[in-house]
Amino acid sequence: LAGTTFWYLGKNFESTARLDYKFVLNGSSWILDPTHNKTVAGGFGPNSELAMPQYVQPEEIQLRPGIPHGRIETVTMASQILNNSRTVKIYLPPDYDTSTRLPGVIIVHDGLEYVSLAYMERVLDYLHERKEIATPIAVFIPPVNRNPEYYQSQRDLFGRFIVEEVLPYVESRYRVSKLARQRANLGASAGGHITYYL
């Protein structure tokens, strides 16, 4: 409102919507909503959360004790191509030890956030239980130098790291399909850049 320090924004949302947000002061300083204390974890720290009255958390991200669960192994992956190393999490499907099928492989960029924020292992367990997918092995790879690796000066080297180091590592240690149609990349935002590039 002109002549005051009061700002407002009016929006209509579906009764089942859930949003997370921050306020940006003077175009640069991002802050939580000082009048609303409900927050949710995000890729750049916590965000204020607005859940409409009929919002229900999706069942596929809830921990479901009554279904089979895959397991996550944590490994350190060194790269001669990039001259660095990173902690990588590898999800093995619930039937990995009891079946002879060759699971596909999905490479997940910004991988650790897909575990800590998106609960992707729970989603894979849920889809496995419902028999909606042939559950893959998921390789959750974090960046070391995110922007250079995902869409700037190290993009080609990062691509070689995935093809020449990550995939051979996975193939040498796990029972996986080597068919191209059973390989996938996943990423959002800058992770979407490298996904598309690869």
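The paragraphs below go through a predicted model, starting with its nonpolar cores and ending with a patch on its surface.

In soluble globular proteins, nonpolar side chains tend to be buried together. Here the largest nonpolar core has 24 residues, and those with the most contacts inside it are Ile90, Val139, Ile141 and Val166. Several elements give two or more residues to this core: the strands S6 (71–79), S7 (84–92), S8 (105–109) and S9 (137–141), together with the helices H4 (155–173) and H5 (190–197). Helix H4 supplies the largest share, seven residues. A second, separate core has nine residues, among them Ile106, Tyr114, Leu124 and Phe140.

Ile90 can serve as a way into the main core. Neighbours within four places in sequence left aside, Ile90 is in contact with Arg71, Ile72, Glu73 and Val75. Ile90 also touches Ile137, Ala138 and Val139, as well as Tyr169 and Tyr174.

Strand S7 also holds a charged residue, Arg86. Is Arg86 buried or exposed? With a relative accessible area of 4%, Arg86 is buried, because the cut-off for a buried residue is under 20%. What do the polar atoms of the Arg86 side chain meet? One polar contact, of 3.1 Å, joins the side chain of Arg86 to that of Asn84. In addition, a polar atom of the Arg86 side chain lies 2.9 Å from the backbone oxygen of Pro142. Leaving aside neighbours within four places in sequence, the residues in contact with Arg86 include Val75, Thr76 and Met77, then Ile141, Pro142, Pro143 and Val144. Glu149, Phe158 and Phe161 are also in contact with Arg86.

Charged pairs come next. A search of the whole structure finds 13 salt bridges, and three of the pairs can be followed here. In helix H4, the side chains of Arg160 and Glu164 meet in a salt bridge with an N to O distance of 3.0 Å. Why can these two be paired along the helix? Arg160 and Glu164 are four residues apart in H4, which means that about one helical turn separates them. Both ends of this bridge are partly exposed: Arg160 has a relative accessible area of 39%, and Glu164 has one of 42%.

Helix H4 takes part in another salt bridge, between the side chains of Glu171 and Arg183, at 2.8 Å from N to O. Glu171 lies in H4 and Arg183 in strand S10 (residues 183–186), so this pair ties together parts that are 12 residues apart in sequence. Glu171 counts as partly exposed at 28% relative accessibility, and Arg183 is partly exposed at 23%. Elsewhere, salt bridges that share partners join Arg18, Asp20, Lys38 and Glu49 into one network. Within that network, the side chains of Arg18 and Asp20 meet at 3.1 Å, N to O. Arg18 is partly exposed, with a relative accessible area of 29%, and Asp20 is partly exposed as well, at 35%.

The last stop is on the surface. Which residues form a nonpolar patch there? The patch consists of Leu1, Phe6 and Tyr8, which together have about 390 Å² of accessible area. Tyr8 lies in the segment before strand S1 (18–21). Tyr8 is exposed, with a relative accessible area of 61%, whereas Arg86 in strand S7 is buried at 4%.

Conventions: Residues numbered from 1 in each chain as written. Predicted model: local features only at pLDDT ≥ 70, side-chain atom pairs only at ≥ 80, totals over all residues. Heavy atoms only, no water. Core = buried A, V, L, I, M, F, W, Y, C linked by side-chain atoms within 4.5 Å. Buried < 20%, exposed > 50% of the residue type's maximum accessible area, 1.4 Å probe, protein only. Contact = heavy atoms within 4.5 Å. Salt bridge = Lys/Arg side-chain N within 4 Å of Asp/Glu carboxyl O. Polar contact = N/O pair within 3.5 Å; in protein donor to acceptor, adjacent residues only side chain to side chain. Patch = residues over 30% accessible without salt bridge, like charges linked within 9 Å, V, L, I, M, F, W, Y side chains within 5 Å. Areas by Shrake-Rupley, 256 points an atom, 1.4 Å probe, with all protein chains shown as cover.
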